[in-house]
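User: I have a model to go through with you. Let us take it in short questions.

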Amino acid sequence: MTAPRRPLALITGASRGIGAATARLLAPRYDLVLGGRDEKRLETLAGELTEAGPVAVRTVAVELTDDDALAAALDGIDRLDALVHSAGVGELGTVAETTAQTWRHQFDVNVVAVAETTRLLLPALRAAGADTGADVVLVNSGSGITARAGWGSYAASKFALRAFGDALRAEESGHGIRVTSVHPGRVDTAMQERVVAHEARAGGASGGYDGSKFLRPESVGAAILAALTATRDAHLTEIVVRPQG
């Protein structure tokens with residue numbers, strides 16, 4: 001008697017932060033494709049996961065904004081049960097000081113690369129969706145709900161990501177694909193350290209970085225896991241996660 005097929009999940013931005021935490025939480029249930037730019041970190045995480053349990057892990061080191069390289073990296077994936085978009089950038093600055101290059105880069109990574117990755121993988125997601133169902137999870141931000149001074153281009157990209165998720169959900173529900181936008185508050189990651197440093201330079205914060213004030217990456221990963229493991233009669237369309245206190 002053959003063992004049941006393990007579902008397959010692809011996670012972008014898996015080399016660190018929320019992406020890596022999500023991979024660790026999904027490994028007991030899913031085989032994994034780990035995407036990111038840092039091949040060494042991806043391989044280290046893959047080794048950690050395979051040593052801990054019976055999970056098949058493939059790594060894909062690719063620049064998501066390189067359309068040709070992305071298409072080549074994803075070629076051959078013909079069935080995909082879950083796609084978790086965790087990769088992203090956060091560059092802050094007022095409208096007065098943010099250049100066109102920053103606007104374009106932020107949208108290219110946070111929106112265009114997400115859309116293109118999803119487009120390339122839609123046939124694989126639909127194949128799973130028609131059978132047991134499939135999921136797309138977009139790691140968004142609180143800035144995808146409310147924009148603040150100094151966060152203009154980042155928030156605009158996250159608002160656009162939310163709109164992308166809404167459109168994808170409406171288009172693909174008939175194919176058995178659920179789409180969830182996860183909006184975390186501040187998370188203890190390397191990106192958050194850069195944000196705090198930027199705020200300190202701008203005169204808006206002091207006292208150094210204290211990661212205990214923020215969400216742990218694992219807490220966001222748990223919200224992602226909840227969306228993926230919800231019974232098929234349920235659809236968690238949006239999840240907002242804030243630090244306690």
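User: Is E48 buried, exposed or partly exposed?
Analyst: The model is predicted, so its pLDDT decides which local features count. For E48 the relative accessibility is 34%. Buried would need a value under 20%, and exposed a value over 50%. E48 therefore counts as partly exposed.

User: Which side chain meets that of E48 in a salt bridge?
Analyst: The N to O distance of the pair is 2.7 Å. A salt bridge needs a side-chain nitrogen of Lys or Arg within 4 Å of a carboxyl oxygen of Asp or Glu. The partner of E48 is R24.

User: How many residues apart are R24 and E48?
Analyst: The salt bridge between R24 and E48 links distant parts of the chain. R24 sits in helix 1 (residues 17-26), and E48 sits in helix 2 (residues 39-52). R24 itself is partly exposed, at 39% relative accessibility. Along the chain, the two are apart by 24 residues.

User: How many salt bridges does the structure hold?
Analyst: The R24 and E48 pair is a salt bridge. R79 and D81 form a salt bridge as well. The total for the structure is 15.

User: How far apart are the closest N and O atoms of R79 and D81, and are the two residues buried or exposed?
Analyst: The salt bridge cut-off is 4 Å. R79 and D81 meet it, with their closest N and O atoms 3.7 Å apart. As to cover, both R79 and D81 are buried.

User: In which helix do E116 and R119 lie?
Analyst: The side chains of E116 and R119 meet in a salt bridge, 2.8 Å from N to O. They are three residues apart, about one turn of the helix. E116 is buried, with a relative accessible area of 18%. Both residues lie in helix 4 (residues 100-129).

User: Which residues are joined into one network by salt bridges that share partners?
Analyst: The R79 and D81 salt bridge has already come up. Shared partners join both of these residues to others in one network. Its members are R5, R79, D81 and D131.

User: Where does V112 lie, and is V112 buried or partly exposed?
Analyst: V112 has its place in helix 4. Its C-alpha atom is separated by 14 Å from that of N140, which is 28 residues apart along the chain. The relative accessible area of V112 is 45%, so V112 is partly exposed.

User: What is the C-alpha to C-alpha distance between A14 and S86?
Analyst: A14 lies in the loop between strand 1 (8-11) and helix 1. At 0% relative accessibility, A14 is buried. A14 and S86 are 72 residues apart in sequence. In space, their C-alpha distance is 7.2 Å.

User: Which residues form a negative surface patch?
Analyst: Take D68 as a starting point, found in helix 3 (residues 67-74). D68 has 66% relative accessibility and so counts as exposed. The patch it belongs to consists of D66, D67, D68 and D108.

User: What is the radius of gyration of the protein?
Analyst: The protein has seven helices and seven strands. From the N terminus, they run β-α-β-α-β-α-β-α-β-α-β-α-α-β. For 245 residues the globule rule gives 18 Å, and the protein comes close to that, so it is as compact as a globular protein of that length. The radius of gyration is 18 Å.

User: What share of the 245 residues counts as buried?
Analyst: The C-alpha trace spans about 65 × 40 × 35 Å along its principal axes. Buried means under 20% relative accessible area. The buried share of the 245 residues is 47%.

How values were computed. Residues numbered from 1 in each chain as written. Predicted model: local features only at pLDDT ≥ 70, side-chain atom pairs only at ≥ 80, totals over all residues. Heavy atoms only, no water. Patch = residues over 30% accessible without salt bridge, like charges linked within 9 Å, V, L, I, M, F, W, Y side chains within 5 Å. Areas by Shrake-Rupley, 256 points an atom, 1.4 Å probe, with all protein chains shown as cover. Lys, Arg positive; Asp, Glu negative; His and termini not counted. Charge placed at Lys NZ, Arg CZ, Asp CG, Glu CD. Helix = DSSP H or I, 4+ residues; strand = E, 2+ residues; numbered from the N terminus. Buried < 20%, exposed > 50% of the residue type's maximum accessible area, 1.4 Å probe, protein only. Rg over C-alpha atoms; globule rule 2.2 N^0.38 Å.
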